[in-house]
Each structure stands twice: as structure tokens, then as C-alpha cells.
Amino acid sequence: HIMATVSFYDELSSCHYPAKGGCLTASGKIAKYGMVATNLYPFGTKIKIEGLGVFTVEDRISKRFNNRIDVWLGMGKEANVKAKNLGIKKLNVEIL
């Protein structure tokens with residue numbers, strides 16, 4: 001386990017590549033719940049985040065947040081509000 005900084009993103013706060021049906025991730029896939037953005041691990045890496053569940057690395061994050069894991073929350077205003085409310089947390093992360 002490692003202690004990691006975990007944040008949350010959505011289409012309104014961080015969709016740099018809009019695509020039909022959603023946001024295109026750095027791996028070329030459409031963003032969906034269960035994905036995370038991070039520069040810490042290669043695409044396809046499965047990680048378990050304390051209290052949140054299991055996620056797959058499918059996107060990258062700005063280099064200024066190099067040591068962060070950003071969890072995709074979805075599309076629309078509800079996801080944007082949820083992302084803002086969840087903020088940034090220090091959580092245990094396990095590579096599976």
C-alpha cells in the first residue's frame with residue numbers, strides 16, 4: 001500500500017478532449033466511472049483505493065499534479081458538484 005493524494009474530476013471541470021458520447025482519455029478510451037487519471041502507473045494498471053473501490057488507469061493528469069490519482073465521476077452538473085464536494089483526500093492505494 002501507498003498513501004496517495006486522490007482527487008476527483010468530471011466532464012465540466014476537466015474534459016480537454018470532448019468526444020461523441022463523452023470525454024476522450026489519454027489512452028484513447030471514452031471516460032467512464034471506474035477509470036482514473038494518474039502519471040504514477042501505466043495504462044491498464046488496476047488499483048484499489050481505500051473506501052472507493054477498484055479502478056483502472058486510463059487517463060493522464062497534468063504534470064503539476066504528477067503524484068496525484070484523479071477519479072472520474074462522470075458527465076453533467078451532478079458529477080461536477082460531487083467532484084467539488086469530495087475535494088482532495090489522502091487515501092491508501094493498493095496496486096492489484
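Trainee: Leaving aside neighbours within four places in sequence, which residues is Val-36 in contact with?
Mentor: This is a predicted model, so let us read it as such. Once the neighbours within four places in sequence are set aside, the contacts of Val-36 include Tyr-9, Thr-56, Glu-58, Asp-59 and Asp-70. The rest of the list is Ile-47, Ile-49, Phe-55, Val-57, Ile-69 and Val-71.

Trainee: Which residues have the most contacts inside the largest nonpolar core?
Mentor: Val-36, whose contacts we just listed, belongs to this group. The core has 16 residues. Those with the most contacts inside it are Val-36, Val-6, Ile-47, Ile-49, Ile-69, Val-71 and Val-93.

Trainee: Which element gives the largest share of this core?
Mentor: Several elements each supply at least two residues: β1, β5, β6, β7, α2 and β8. The largest share is three residues, and the element that gives it is β1.

Trainee: How many residues are in the second, separate core?
Mentor: Among the members of this second core are Ala-31, Ala-37, Ile-61 and Trp-72. Those names are part of the list, and the full count is seven residues.

Trainee: Back to β1: how many of its eight residues are buried?
Mentor: The strand β1 is largely enclosed by the rest of the structure. That follows because, of its eight residues, the number buried is six.

Trainee: Which strands does β1 pair with, and in what sense?
Mentor: Five bridges join β1 to β8, and these two run antiparallel; here Thr-5 has Lys-90 as its bridge partner. On the other pairing, Ser-7 has Asp-70 in β7 as its bridge partner. Five bridges make up that pairing too, and its strands run parallel. So the partners of β1 are antiparallel β8 and parallel β7.

Trainee: Is Val-6 buried or exposed?
Mentor: Val-6 lies in strand β1, and beyond four places in sequence it touches Ile-49, Leu-52, Ile-69, Val-71, Gly-87, Ile-88, Lys-89, Leu-91 and Val-93. Its relative accessibility is 0%, so Val-6 counts as buried.

Trainee: How far apart in space are Val-6 and Asn-67?
Mentor: In sequence the two are 61 residues apart. From C-alpha to C-alpha, the separation in space is 9.2 Å.

Trainee: Asp-70 is buried yet has no salt bridge, so which side chain of opposite charge is nearest, and at what distance?
Mentor: Asp-70 is found in strand β7. A salt bridge needs a nitrogen to oxygen distance within 4 Å. The nearest side chain of opposite charge to Asp-70 is Arg-68, at 5.6 Å.

Trainee: Which backbone nitrogen does the side chain of Asp-70 reach?
Mentor: Leaving aside neighbours within four places, Asp-70 is in contact with residues including Ser-7, Tyr-9, Val-36 and Ile-61. Phe-8 is also on that list. At 3.1 Å, the side chain of Asp-70 reaches the backbone nitrogen of Phe-8.

Trainee: Which two residues meet in a salt bridge?
Mentor: A search of the whole structure finds one salt bridge. The pair links distant parts of the chain, with one residue in the loop between β3 and β4 and the other in strand β6, 29 residues apart. At 3.2 Å, N to O, the side chains that meet are those of Lys-29 and Glu-58.

Trainee: What is the relative accessibility of Glu-58?
Mentor: Its partner Lys-29 is partly exposed, because its relative accessible area is 42%. Glu-58 counts as buried, since its relative accessibility is 9%.

Trainee: Which residues of β5 are on its uncovered face?
Mentor: In a regular strand, side chains alternate between the two faces of the sheet. In β5 the covered face has Ile-47 and Ile-49. The uncovered face has Lys-46 and Lys-48.

Trainee: Which residue in β8 stands opposite Lys-48?
Mentor: β5 pairs with β6 in the antiparallel sense over four bridges, where Ile-47 stands opposite Phe-55. Three bridges join β5 to β8, also antiparallel. In that pairing Lys-48 stands opposite Glu-94.

Trainee: Which residue takes a positive phi in the hairpin of β5 and β6?
Mentor: The hairpin has three residues between the strands. A phi near 75 degrees is taken there by Gly-51.

Trainee: What is the relative accessible area of Phe-43?
Mentor: Phe-43 lies in the loop between β4 and β5, and its contacts beyond four places include Ala-26, Val-57 and Glu-58. Phe-43 is partly exposed, because its relative accessible area is 37%.

How values were computed:
Residues numbered from 1 in each chain as written. Predicted model: local features only at pLDDT ≥ 70, side-chain atom pairs only at ≥ 80, totals over all residues. Heavy atoms only, no water. Core = buried A, V, L, I, M, F, W, Y, C linked by side-chain atoms within 4.5 Å. Buried < 20%, exposed > 50% of the residue type's maximum accessible area, 1.4 Å probe, protein only. Contact = heavy atoms within 4.5 Å. Lys, Arg positive; Asp, Glu negative; His and termini not counted. Polar contact = N/O pair within 3.5 Å; in protein donor to acceptor, adjacent residues only side chain to side chain. Pairing = 2+ DSSP bridges.
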